[in-house]
Every structure is written in structure tokens, then in C-alpha cells.
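Work through the exercises below with the sequence and the coordinates at hand, and try each task before reading its solution.

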Amino acid sequence: MAALRILHSADWQLGKPFGRFPADVRAALSEARLDAIDRLGSVASSTGASHVVVAGDVFDNVEPGDRIVAQALSRMERAPVTWWLMPGNHDHARAGGLWGRVRSRAPSNVRIVDTAEPVEMEEGAWLLPAPLEHRKTVADPTAAMADMATPPGALRIGLAHGSITEFGASGDAANLIPPDRARTAGLDYLALGDWHGFLKVGDRTAYSGTPETDRFGRDEPGGCIVAGLRSGELPSLERIETGRYRWLSRRWSVANPDELERELAMLRGEGRLPDMLLSLGLSGVASLADRVAILAMLDDRLAHELRHLDLDADGLGVRPTDDDIALIDVQGALARATETLRLRVETGGADAGIAASALERLYVEAMRFEAGAVR
Amino acid sequence: MILRSIALSNFRKFREPLRIEGFTDGLNIVIEPNETGKSTILEALRAAFFVRYSAKTELVRSYVPLGDDVAPRVAIAFDVKGQGWTLEKQFLKSAFVRLEGGGGRRESDAAEETLQQLLGFERGNSRGTDEETRGPLGMLWVEQMGALEVKGPNRIVRDSIRGVLEAEVGAVTGGRRFDAIRAGVETAYSALRTPATGKSRGDLLAAEARASAAAAARQAAETGFRDYEHALAELDGVKARLRLLERDLVDPETVETRKALEADQKVAESAVLRATAAEAQFGRAEEVARTASSRIERLAAAETRAVAASALLQEKSVAEAAARAASDGAGDEEKRLRACLDDARSMREARETALGQARERARAHAVAAAARRAVDARRALADLEARERLLVEEAAGAIPERDLGDLAKLERAAIEARARFEAGAVRVEVAVGDGVPLRIDGVESDVAWLDILAATKIELGDAGSVTIRPPRGAGRSIEADLATASEALAAALRSLGLDSHSAGVARNERAAAAARELTALRSQMAAACPGDATIALAPGADALRAFVAELGAGMADALPPADDLDALEAGLGEARLAEADAAGRHDDSRIALSKAETVLARTQAELGSALREDVAAREDLRNVLEGGDRGALEGALAEARRERAQKLEALEDAREGSRAFDVDAIRRRIENLDRAARRAGEERLELTARIASLESTIAREGTTGPAGVLAEAREEEDAAIAAVDKLRREADVLEMLRSVLLDAANEASRTFMGPVTRRAGHYVERLLPGSGLSFDEALGLSGVARAGMEEACADLSRGTQEQLAILTRLAFADLLLEDGAPVSLILDDPLVYSDDTRLETMTDILKDASSRMQVILLTCRSKAFRHVDANRMMLK
């Protein structure tokens, strides 16, 4: 009776540029993706999985630079497992392309499955890959699996990249895979990629998700699946976290520094801030003083504590109080300028946003002068 | 502050002591010529108040009169707030200062300090040029031309005025706080944009440059990636083509096909050869058969021809004989008819001759008869003509009635003259013997008598003479009258050929009768000559006379001919008809003859050709028969036909065999196969080379990660754009803040300067009605608003600038005065550029001001200020 323990991973997206991040964050994120390979290797070792199947999108694009390829291969070489890499939509297979390059440099423990033909992983275990040859394939890439013959009694492990037809959420009708493919193709397990989160579809089909999260919108950390396969039985699937960075999205409604403090305390409870990227949207209405104080806390403290803070403070409206105004100046030209700006903000014309920022700036400048005067 | 007196010695051009006193509280005008040292007075005042006694600066040394080594000294007496003060200051040598007043006396630094406190100024720099420290007096003591420059007041004045204004309208500008914040905003803004033009700079410029560089990089990356993708796609395509090509190249089916085609080609080619040979053999057999057949045909033709020629010859011989006979017959007939015609013609000619002769005879007879008639007529006419001549003669004797009348008168006159003569004259009758010559009055005469009326000598021969003398008296005239009348009568009778008048009358009667008869006679003569066409005689007597005269006497009397003309003519008609008939018949016969001759000629020609054809046909037949007789020929033909049928069969077989293969098509297919193989080989080479090239390109480009580069470039561009947007927004925010602050500052300044503007406005209204002043933050006059138009100070005329400068000083002085500051206005040579009206207005204003403060004008133009009511002082 054939049995096998494999590690199922996908969507490494190596070489993703993270161009909108500052250089240091960019470097850290890129490095983390490569580090994920090491972590997968150690998870495989520790869980006794001798094979790592990667269900597509190993690389972020069809033609990453040599450095990425070399880094990835050298890290895989170090791990005492066999890596099965399959092209996905981001790194789809094509003649003369990326995969030829990878194959030509791959160490012996790295196998590339870029043709839709069953391949024997080891005695009694066959991998049925559905590599993608285009970024978008209208046809079901797994359709061929049903016709792939394997020796009787052997484990049939499907490897595919695409959306399950029932998702519907993305509206992306490419690379569609029917949800009952495991059953129709007689698969013991169908390892899927493309969906960056962990997702089980029935008993024998699952998305492993990416080992290292690469975008906001998915709070859970990256991970993989360790699947215990035994022919005739349902697979045992265990999700194991491998991600280093957490990508959190939050929307806080705060009106003053105290409220912000409460939120921050909760955030700290969620994990190590240095391993966290936070997309923070502020909402609510605050006085000028509070808004400035809130932003100062975020900019001067939180931003430094986090790996990265992506702050959108536009949602936090300003309602300057009389105290705010008085703080700028009670009389004279400053008071007049303040009044002019406040009127513009309240009138809500086309430049209301600019006026609000200008008012805030004026307030900040006034505070700065005050601080200077005190010193 | 009221200046009371000023004394100076060893000061510039005043080596000798100069003392001016008598300044009053109000308006003082110090008048002095140029170069007398009016400006030095103001200089001395400044030295006394603002320059430290101990100073040894260049300025101080300039106080020493040129070339002297003396101590410049100034002494001034003045009141402040009603208290009298004296100030003495000596520079350089034994320098000292002494201030007395306020119940005390101070010297050196104490004196200087007290002075400063008293007059509100500060210790300035050692050079004594620091305007900022001089306070109100520094502003109000205006040196020559100094007012031409519109400038803000010095710091002390500014601060004082600010203090006054803040007390009046409150602190409106925000002071240092505002300035600092504004400066901060300005700095932040100018880090991003040029304040003047709003052009990007600094971080914003860098960010924009980064964005455009990123866009360019992204475009380049896109191009690189696209090229790479194209290379990949092409490689894919090329490889697919190569695969197909190689499969085709080794396709066993193609090889088999080609072999089969080659075999087919051989078979087809031999079949074609066979068919060609069969075709040639058949052609030959057919030729033999055709020859045999044609020889038989020729024999048949020769035979037919010989028979036909013989028959024709026969026919033509008969026809020729018949034609000949016909021709001969026609010839005879023609001859006969020609004889008939000749007879008819002779007959007709004979009859014509006979008729002609008969007619000639008849005509001759007729002519002769006519001639006779003409002669007869002539004869009758001759009688008539004789008678006519007679009658003409008689008729011609007619005398005209008038002549006859005249004659009658003459006859009566002659009778009457005779009667009178006979009564008076001597008649002498003479009878002379024969031969005796009678001469009357010497003239021979033969008269038998003569009437003598005058002495007349009558000589008879030699016999002497008788002279007869009638009585004297009327005898002579009577004789003359008679002679005249007789002469006239005789002449008239002579001319008429008459003897007497009665004879004339008788003659006229005869002439008239002759004329009447002549008319009748002439009609008779005309009737007697009717003319005769027979003898070509025209009517008329003349023609007849001529005819007869020509006829002469040869006239024969002839009997009329006995011919029967009618019978003769009938005979001639018949003869003519007979001739015509004969001529028609003859013509017919001639035509018939001609036709017969033509037929004969033709039949003869036909006969000739039939003869020749007969000869030729015989010859031909003989020739044909030489090649064998009919039996032999027919045998040969049958043999040839059999042979031909055999060959045709063989040919059909061969054709059938070759038709199974289309040699050309087979060859084309083989060529096509070869060409395809050759091309495939070439293409394989090309494709292989292309694949190698593409693969090396891909290998080279792929390692740089074009897609990765593109992804990075895209994100870099997005990030750069985001950064630019952020900075732009910041710049926009700062720009708005900046403009709001500027507006606020301007507004504040307007509010703050209200009191100054009001006070100045009071003066300005008098000078420039309807105008307003505006001040900058340093309290400097910045412009004038006239009729809603803001004019910068610098754009105003010099005169106006000076006037405004004085007015604003006055306005500030008023404010300072209200603040209790010591104020004194000294103007050195002012209003030089003012016209008379302005000058008057200005002096009015100054006069007005002098009620509140002491005003001293130093001028060299005594006339200009003559109208001003003031304390005048002359400098000597």
C-alpha cells in the first residue's frame, strides 16, 4: 500500500519587486521570499516530507533575473528534499524561456514539471502536473489528468495552478479548474496554487497559499501544507506557518491620541511589530491638535516600530476647535489666515482638502514656533 | 522740542564763531545764499546731538576747517517739554560735552546718555552714520535732497510708532510669531518651488526627474520585454516549423511516392516510344494506300477525260460545220439585200433629180413672169414719174404769200412814183445809129429813152455831146423816187422770177393744184410697186427701178412648163419608202451575218481546243496505262488498305498503352518533390541558424530578467509618481498657506497702518485730492492709490515723491508728538522740484504743522517762501 508524505507549497512569487516600498523594506521583503525556501526545507525535514511540490508561480514573472534563479536554486539544493517545480500563470512555461534556464542550472534534487505528463516521484507515487503555458488559459489545465495513466495502486498526486470554478469572487475566468477534479481524475490529492491563502476544497483538494505573504488584504501569515497520503484513504492535511512578515490591513476610527493608544495596544498584541507591515486607514473627525498628535504618534513612533506603515490619513477629518485656532494665534494676521483656511475647509470647495492640509501645516508651524520659543 | 539758538566755531567753513538765535516756536525760515554754510548748520546740529564728543572718526575730522588744526565746537540751546537746555560739544582737541538743564549739568558720557534719553535716540556706531539709531530727530532733520528718497523711518521711530499703533488698534500682525511661521512656510515652500515663478525645485524637482526617468526606464523595460517576448514567440514558431520540416524531410511516404513515380516515368516513356513508332508505321501504310488509291483515281480520270474529249471533238466539229453554213447563208442574203438597197437608192435619186428639174423649170418660169410684171410695172411707173416731175416743178413754183404781198405793195409804189415822175421829168428819146456808141454822162448806154431830171451829158460816139439841163427844182427827187420804186419792184420781180404780181398769183394757184395731184399720184405709184417675192423684189418704186435697171433688156419670153409636179413628188415619196425598207432589211442581214460569223469563230475555237484536249487526253491515258492496267492497280490498293488497317490497330494499342501515364505530370511531380526537398533542406538550415540566434539572444537577455526588470520599472514608476504627487500636494498646501499668510499680512498691515494712513491722508488729500497712501511692513510708503489705480512710489515724479516724503514724515511726527516724543522738523532746501501750486499747498501744510511743532526751513530761495508768514532769519 503506497504512502507518501509531501509538502505542498505554491505562489512563491520570487523576484516580486515591491517597488512602491522604500528600498530597505523592498530588500527585506525580497529576501524574506527567498528565506521562505529555507523554511519550507526545514519544515519538510522536520515533518518527514521528502518531496516539496510547488503548484505554480515559483517566480513572480516569466523572466526573472539570474540572481533570483540562482538564489532560489542554491537554497533548494541545500534542503534534503526533492523539489517539484511547476510553471504557473506568472511564470508560465514556454520554449526557450525561464524554465529552460532553470532546468539547465537546477541541482539534482530540483525537478521541473513543465509538461502535462505523469512523472513518478518515487516507487508507487506519481505526480500528475498541469503546468500552464500561458498567462491565461481558458481551457481547464487539469482536464488531461483524467487520461493520465499510472500503475494500479500508485498514488496519483495532481499539481495544478488556477482558480476553482466556484470561486467566482475574482471574476477572473482564466485557468479554471473544476472543484471535483480530484474525484474525476482519480487523484489521491490535488495540490493547487494561485490562491495565496490556505483553502481546502473538499477532502482531496487544497490551496496551500503562499509561504510568505506578499500583499495587503490577507492578514494571515504565509504557510504550507504537509499532506500525508495513503492510497485508498483521505489525505491528512496539516497547515504549517512559514511566513515571516505579517501584512495587516486596519482601519481605525480615532479622534484623539488616547483612542489611538488603545488601538496600538491591540496591535502590539497581534505580533512582533518589526515583522509587521500595516496598511492603516484612519477615519473619524478630530480636532487639529488631536489630528496632529495622532499623526505625530503614527509617524514618529509606530512607523519606526513597524517593518512598514502604509498610512492613509485622508479619512481622518479635521474640525478645528476654538482652542486649535487660539493655539495658532488669538489675534492678528495668523488668526486671520487661520480663519481664511477654516472657511475654505468648511465651504468644502475644490481646494478644501488642500486648505485642510494648509491649516494643519499652519498649526504644526505654530506649535513648532511655540516649542522653539519655550526652548 | 524747540531749538532756540545754535552757535558754532571752527566747524567746517565757519572758522569764525557763528551764532544764530531767535528761533521761534512755530515756522522759521532761515534764508541764506548758496555756499554760505546752510547745510553745515544741519550738519553741526547732527554732530552736536548724534556724534559722540570723543569720536575721532573721519566724519568728525571732516568738521575741522580745511588746513586748520582747531577744535570744532557746537553750542545749542533748546527746550524740551518746556524746559530749557544748553548743549556744548567740542571735538578732537580737548573734546568735551556739557549738557545743562533740568536743574543739572552733565558732562561726558553722562551728558551723552541724558541727551539720548531726552531726545529718544540711541548711541550709534562710531562713524555716526547709523540712521537706525537716531530716532525721531534723525527722521525729521532732513538734509538737502534727503527728502527726495521715500524711505521708511528708522528703527526707533518704527518701534515707537508700532507702540503707538498697537496702543491704538491692537497687535494685529502677530509680530515675530507671524514672521517666524511665515518664514518657515516660505522656506519649506522655496525648498519645493521657486517663490517667484512657482517652478519646481529641490525635492520636487528631483522627484519629478525621478518620475520621468522612471517612466523612461519603464518604457525601455517594456520595449526590452516585448522584444524578448517576440524572440520567445518567434523561437517557438521557428522550432515548430523546424519540427514539421524535419518530419517532412524524412517522410517515408514521400520517398515511396518518388520511387513509384520514377518507375511510372520509365514505363510511360517506353509506352510513348512505342506509340510514336506505331504512329510512324501507320503513317507510312496510310501513305501507300493513299498512293494506290490515287493512281486508280487518276486512271479513271484519264479514261473519262479521253472519252469526254473525243465526244466533245465530235460535237464541236458538227457545230463548226453548222456555223460555217449559217455564216455563208447570211453572207449571201446580205449581198442580195445590199443589191436591193442599191436599186432602191438609184430609183430614189432618179426621181429626186426629175423632181428637181421640174421644179427649176417652174421656178424659172415664175421668175420670168415676175420680171415681166416688174417691167410692165416700171413702164407704168415711168409715166407716173413724168407726171410727178411736172407736178413737183409746178408745186415748187409756189411763191410765199408774204413775198407776194410785198410785191403787190412794191408794184403800187412804182406806179405811184411813175405817175409823179411823169408829171415832172424830161424824157429824151434816143435813137442811135448802128455802131454809134452812146454814152450818157460818160457811160456807154443803149437805151432808147431816158428821163432826165438833172444836167445830163449825152454823147453819141465822137459826134459830140448833148447836155440836157432840166428845170431846176423837184425834178430830181421825183426821178430818184421813181427810179427807186422801179428798182425795188424790178428787184423783187427778178428775185421771184416774175413779170408781175398777177403772174405770181397765177403761179401760186397752179402750184397748189400740182401739189394735190402729186399726193394722189404718189399713192398710185406706191400701189403700182407691190414687190414680188419670187424675184426678191421689195415693194416700192426704188426697188422696182433698181430691179428693172439691173434686168436690162435680156428678157426672153418662155412658155410655162408642162411638168406634173404632184405626180413627181408622189413618185419620189414611194421611192424613198422603198429605199428605207431596203436599208432596214440590209441592216438586219448585216447583223445576222455578224452573229453568224461570231458563232463560227467561237465554234472554230472550241473545235481547236477540243482537238487539243483530245490529243492531251489520249496522251494522258497512255501515260497512266504505262504504270499498269486497272486490274494491277486495284490489287495494289487492296493490299495497301489491309496493311493500313493493321498498322492502325497497332497504333491504337500503343496509344492506349501510353495514355495510362502522363509523362509530364509525373515529371512535374518528381520535380516538385525534389524542389520541396531542396527547399526544405535550405529552410532547415535557415531555421536552425535562426533558432541558434534566437536562443543565444534569449539566453543572453533572459538572464537579465526582462519581465522582472519591467515589473520593477513599473512599480518604480508608480512609486515615483506617488512621490511626486505627495510632494506636489505638499507644495500646493504650502502655496495656499503662503498666499493666505501673505493676504493676512497685507490685510493686517492695512489695518495696522490705519492711523498713519489717516493722518497722512489728511495732508495728502490737500496735495493729491482723492488719493490714498499705502505702507509696507517697514512703515515705508509703498504706493499711492489714485482713482483706484495703485502706483508704486518709484513711479511717481520726483517732486511728488519729495512732497509725499515730507508728508509721511509729518504724519509720523504727529504720531510721535501724540506719544510725547520731542519732535522738531528741519528741512534743508526743501521743495526744489515743486511747482508754485504744490509749493503753496506744502507751505500751507508746513505752516499748519508749525502750530504743533517747531519747523525750520533752510533755504536759499527767499523768493520762493516770501509768501509764507514765518519767522525769517538771514544768515550773514
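The exercises that follow concern a sheet, a helix and the confidence of the model.

This is a predicted model, in which local features need pLDDT of at least 70 and side-chain atom pairs count only at pLDDT 80 or more, while totals for chains, interfaces and linings use all residues. Residues are numbered from 1 along each chain as its sequence is written, chains are lettered from A and ligands numbered from 1 in the order in which they are written, and side-chain values use heavy atoms, without hydrogens and water.

**Exercise 1.** Determine the strand order of the six-stranded open sheet in chain A.

Solution. Strands are DSSP runs of E with at least two residues, helices runs of H or I with at least four, both numbered from the N terminus, and two strands pair if DSSP finds at least two bridges between them. The order is then 4-3-2-1-13-14, with mixed pairing. Strand 4 (110–112) and strand 14 (236–241) of chain A are the edges, since each pairs on one side only.

**Exercise 2.** Describe how strand 2 and strand 3 of chain A are joined.

Solution. Strand 2 (residues 51–54) and strand 3 (residues 82–85) of chain A run parallel and are joined by four bridges. In strand 3 of chain A, A:Leu85 is the bridge partner of A:Val54.

**Exercise 3.** Assess the confidence of chain B.

Solution. The average pLDDT (the predictor's confidence in each residue, from 0 to 100) of chain B is 83, and 95% of its residues score at least 70. Confidence in chain B is lowest in helix 5 (residues 155–169) of chain B, at a mean of 74, and highest in strand 4 (residues 73–80) of chain B, at 90. The model scores ipTM 0.77 and pTM 0.51.
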